[in-house]
Amino acid sequence: MPDSDKTFDAGKLMALKDSHSGYRICPRCGKSLEAREIDGHRRMICPDNECGFVFYQNPIPAAGAIIVENDSVLLVKRSHPPRIGDWCLPAGFMEWKEHPTQTAVRELKEETGLDVKLRGLFEVYSGDDDPRANAVLILYLAEIVGGEMAPGDDAQEVRFFPFTELPDDIAFVAHVQALADYTERFRSET
Ligand SMILES: [Zn+2]
């Protein structure tokens, strides 16, 4: 299913993202933002000296987990844009004041119905192919300790894929890289 509809136009969002998310109005005082060169970066700033708002466009951290059983990895099929119908590792954006370990456990529960215990940090990835925001993806290794596997709101389907039969349509480059890195680190003997 294509993402380009009235509510989600991936191409348009991607262009906006690369243009300071298209923000033009100061969220503090309502004046028009102006582009200025600050610290070697083109930033949108508020010209009002008393306001002084600067839009620092930073990546958004996300966290998730790699769960492997019997040489098969747990993936979810996306039900929300972007990349509806593509598969990815269960993960999601951090909420305010959350620790990434909490994000990973919460997202696993929301997307897969499973209770998981994190076993340690796997890797950190930087991704710029999501039209909503550039992301820093923090991936943990985890194991299932409870719950019942069932797709949540963000997922159409949840299932284990043998590493030898991974789907072609993986949603994001960082997830493709993570699966390749996992194979290199833990499956090189198989
Ligand atoms: Zn302002």
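How many of the seven residues of β6 are buried? Six of them are, so β6 counts as mostly covered, where buried means under 20% relative accessible area. The legends below describe a predicted model.

**View 1. Strand β6 and its pairing partners.** β6 spans residues 72-78. Strand β11, residues 155-162, pairs with β6 in the antiparallel sense over seven bridges. Within this pairing, K77 of β6 has E157 of β11 as its bridge partner. β6 also pairs with strand β7, residues 87-88, through two bridges, again in the antiparallel sense. Here K77 stands opposite W87 of β7. In general, strands of a sheet pair through backbone hydrogen bonds, in either a parallel or an antiparallel way.

**View 2. The hairpin of β5 and β6.** Strand β5 covers residues 68-69 and is joined to β6 by two bridges in the antiparallel sense. E69 of β5 has S72 of β6 as its bridge partner. Two residues lie between the strands of this hairpin, and N70 takes a positive phi near 50°.

**View 3. The open sheet of β1, β2 and β3.** Three strands form an open sheet in the order β1-β2-β3, and their pairing is antiparallel. β1 (34-38) and β3 (54-55) are the edge strands, each pairing on one side only. Strand β2, residues 41-45, runs antiparallel to β3 and is joined to β3 by two bridges. One residue pair to look for is M44 with F55, its bridge partner in β3.

**View 4. The largest pocket.** This pocket holds about 490 Å³ of space. Its lining is made of 21 residues, and Q57, N58, P59, I60 and A133 lie nearest the centre. Helix α1 (10-17) and strand β4 (60-66) each supply at least two lining residues. α1 gives the most, with three residues. Sorted by class, the lining has twelve nonpolar, four polar and five charged residues. Both domain 1 (10-55) and domain 2 (60-186) contribute, each with at least three residues of the lining.

**View 5. The second largest pocket.** About 390 Å³ of space lies in this pocket. The lining consists of 22 residues, with R78, A91, D130, R132 and F172 nearest the centre. At least two lining residues come from each of β6 (72-78), β8 (91-93), α2 (100-112), β10 (135-147) and α3 (173-186). β8 provides the largest share of this lining, three residues. By class, the lining of the second largest pocket has eleven nonpolar, four polar and seven charged residues.

**View 6. The largest nonpolar core.** The largest nonpolar core has 19 residues, and I66, L89 and L139 touch the most other members. Two or more residues of this core come from each of β4, β6, β9 (114-127), β10 and α3. α3 gives the largest share, four residues. β6, which is mostly covered, is also among the elements that supply the lining of the second largest pocket. α3 likewise supplies at least two residues of that lining, and β4 supplies at least two residues of the lining of the largest pocket.

Conventions: Residues numbered from 1 in each chain as written. Predicted model: local features only at pLDDT ≥ 70, side-chain atom pairs only at ≥ 80, totals over all residues. Heavy atoms only, no water. 1 Å grid on protein atoms, 1.4 Å probe; cavity = no way out; pocket = protein on both sides within 12 Å on 5 of 7 lines; lining within 4 Å. Points joined across faces, edges and corners; volume = space filled by probe spheres on them. Nonpolar A, V, L, I, M, F, W, Y, C, P; charged D, E, K, R; others polar. Domains from an automatic or database assignment. Pairing = 2+ DSSP bridges. Buried < 20%, exposed > 50% of the residue type's maximum accessible area, 1.4 Å probe, protein only. Core = buried A, V, L, I, M, F, W, Y, C linked by side-chain atoms within 4.5 Å.
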